[in-house]
Amino acid sequence: MIITYSRDRRVVDGVALANRLLKDERFISHIASHYTFDMCDMSPSALIAYIQRHLESNVIEVGTFKPFNPWSRAMAMFNPSEPDDVFISSRKLQRHPVKLDQDASIAGSIWHEIIHLINNKLAMFTIGHGNNNPEGKQWTAPYQIGREAKQFAQREYR
Ligand SMILES: [Zn+2]
């Protein structure tokens with residue numbers, strides 16, 4: 001399960017939507033149906049099955065962090081020093097005026113960071129996007145799964 005102790009409604013609702021996707025077999029099977037991800041040596045079906053199993057018996061906590069630089073483009077982060085937590089930038093919590101689009105965007109960021117968290121747990125595999133330049137990274141697991149989480153929610157939960 002994905003949890004938060006934040007009392008910010010935008011975080012709470014984004015976490016709820018990220019959990020809804022986790023339990024939606026249509027979303028899970030869509031991710032599993034991909035043939036490969038760039039910069040990933042684990043099959044998409046094995047990766048998503050591992051994420052499901054991990055979250056059946058473990059908790060991932062979503063917190064917030066405040067980038068020192070007010071113009072920081074960072075939306076969210078994972079830090080191996082806190083291996084069971086992911087963080088959303090408190091400077092990037094307001095995403096969209098429409099509630100579903102707002103929640104879907106936060107849920108997409110959470111899913112992106114969960115891929116980094118899972119990569120950190122799997123010593124045998126590499127799943128990521130290298131450096132933080134998003135240029136040309138759209139088919140890596142963090143970017144593709146994050147984007148598809150957002151788009152699936154926007155399409156199916158409207
Ligand atoms: Zn990333």
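# Questions on a predicted fold

Visitor: With 11 C-beta neighbours inside 10 Å, does Lys-23 count as buried or exposed?
Guide: In this predicted model, Lys-23 lies in the loop between α1 (9-22) and α2. A residue with 12 or fewer other C-beta atoms within 10 Å of its own falls in the exposed class. Because Lys-23 has 11 such neighbours, it counts as exposed.

Visitor: How many Å apart in space, C-alpha to C-alpha, are Lys-23 and Ile-110?
Guide: Ile-110 is one of the residues that touch the most other members of the largest nonpolar core, whereas Lys-23 counts as exposed. The two are 87 residues apart in sequence, and their C-alpha to C-alpha distance in space is 15 Å.

Visitor: Which class, buried, exposed or partly exposed, does Met-75 count in?
Guide: Met-75 is found in the loop between β2 and β3, and, leaving aside neighbours within four places in sequence, it is in contact with Ser-89, Lys-92 and Ser-109. From Ile-110 it is 35 residues away in sequence and 9.8 Å away in space, C-alpha to C-alpha. Burial requires 20 or more other C-beta atoms within 10 Å; because Met-75 has 19 of them, it counts as partly exposed.

Visitor: In what order do the four strands form the open sheet?
Guide: Three pairings build the sheet: β1 and β2 run parallel over three bridges, β2 (residues 60-65) and β4 (residues 85-89) run parallel over five bridges, and β3 (residues 76-77) pairs with β4 in the antiparallel sense over two bridges. The pairing is therefore mixed, and the sheet is open, with β1 (2-4) and β3 at its edges. Read across the sheet, the order is β1-β2-β4-β3.

Visitor: Why is one side of each of two strands left without a neighbour in the sheet, and which strands are these?
Guide: Strand β2 pairs with β1 and is also joined to β4, while β4 pairs with β3 as well. The two strands in question stand at the edges and have a single partner strand each, so that one side of each has no neighbour in the sheet; they are β1 and β3.

Visitor: Which residue in β4 is the bridge partner of Thr-64?
Guide: The residue register can be followed from strand to strand, beginning with Ile-2, which stands opposite Ile-60 in β2, and Ile-3, whose bridge partner in β2 is Glu-61. Further across, Val-62 stands opposite Val-86 in β4, and Met-77 stands opposite Phe-87 in that strand. For Thr-64, the bridge partner in β4 is Ile-88.

Visitor: At roughly what angle do the axes of α2 and α3 cross?
Guide: Two packed helices are described by the angle between their axes and the distance between the axes. In the contact of α2 (residues 25-32) with α3 (residues 44-57), Ile-28, Ile-31 and Ala-32 of α2 meet Pro-44, Ser-45, Ile-48 and Gln-52 of α3. By class, this contact has five nonpolar, two polar and no charged residues. The axes come within 7 Å of one another, and they cross at roughly 145°.

Visitor: Which element gives the most residues to the largest nonpolar core?
Guide: In soluble globular proteins, nonpolar side chains tend to be buried together. Here the largest nonpolar core has 36 residues, and those that touch the most other members are Ala-18, Leu-21, Val-86, Ala-107, Ile-110, Trp-111 and Ile-114. Two or more residues come from each of α1, α2, α3, β2, β4, α4 and α5 (141-156). The greatest contribution, nine residues, is that of α4.

Visitor: Which strand does α4 run at about 140° to?
Guide: Helix α4 (residues 99-121) lies across β1, β2, β3 and β4. Not counting residues up to four places away in sequence, Ile-114 touches Ile-51, Ile-60 and Val-86. The strand to which α4 runs at about 140° is β4.

Visitor: What radius of gyration does the protein have, and why does it agree with a compact globule?
Guide: The protein has five helices and four strands, and its C-alpha trace spans about 35 × 35 × 30 Å along the principal axes. Of its 158 residues, 34% count as buried, and 68% of the contacts with a separation of 6 or more are between residues 24 or more positions apart. Because a compact globule with 158 residues would have a radius of gyration near 15 Å, the value for this protein agrees, at 14 Å.

Definitions and conventions. Residues are numbered from 1 along each chain as its sequence is written. This is a predicted model: local features need pLDDT of at least 70, side-chain atom pairs count only at pLDDT 80 or more; totals for chains, interfaces and linings use all residues. Two strands pair if DSSP finds at least two bridges between them. Two residues are in contact if their C-beta atoms, placed from the backbone, lie within 7 Å. Axes are lines fitted to C-alpha atoms, for helices over the stretch in contact, and angles run from 0 to 180 degrees between N-to-C directions. Ala, Val, Leu, Ile, Met, Phe, Trp, Tyr, Cys and Pro count as nonpolar, Asp, Glu, Lys and Arg as charged, and the others, Gly among them, as polar. The radius of gyration is taken over C-alpha atoms; the globule rule is 2.2 Å times the number of residues to the power 0.38. A nonpolar core is a set of buried Ala, Val, Leu, Ile, Met, Phe, Trp, Tyr and Cys residues joined through C-beta atoms within 7 Å.
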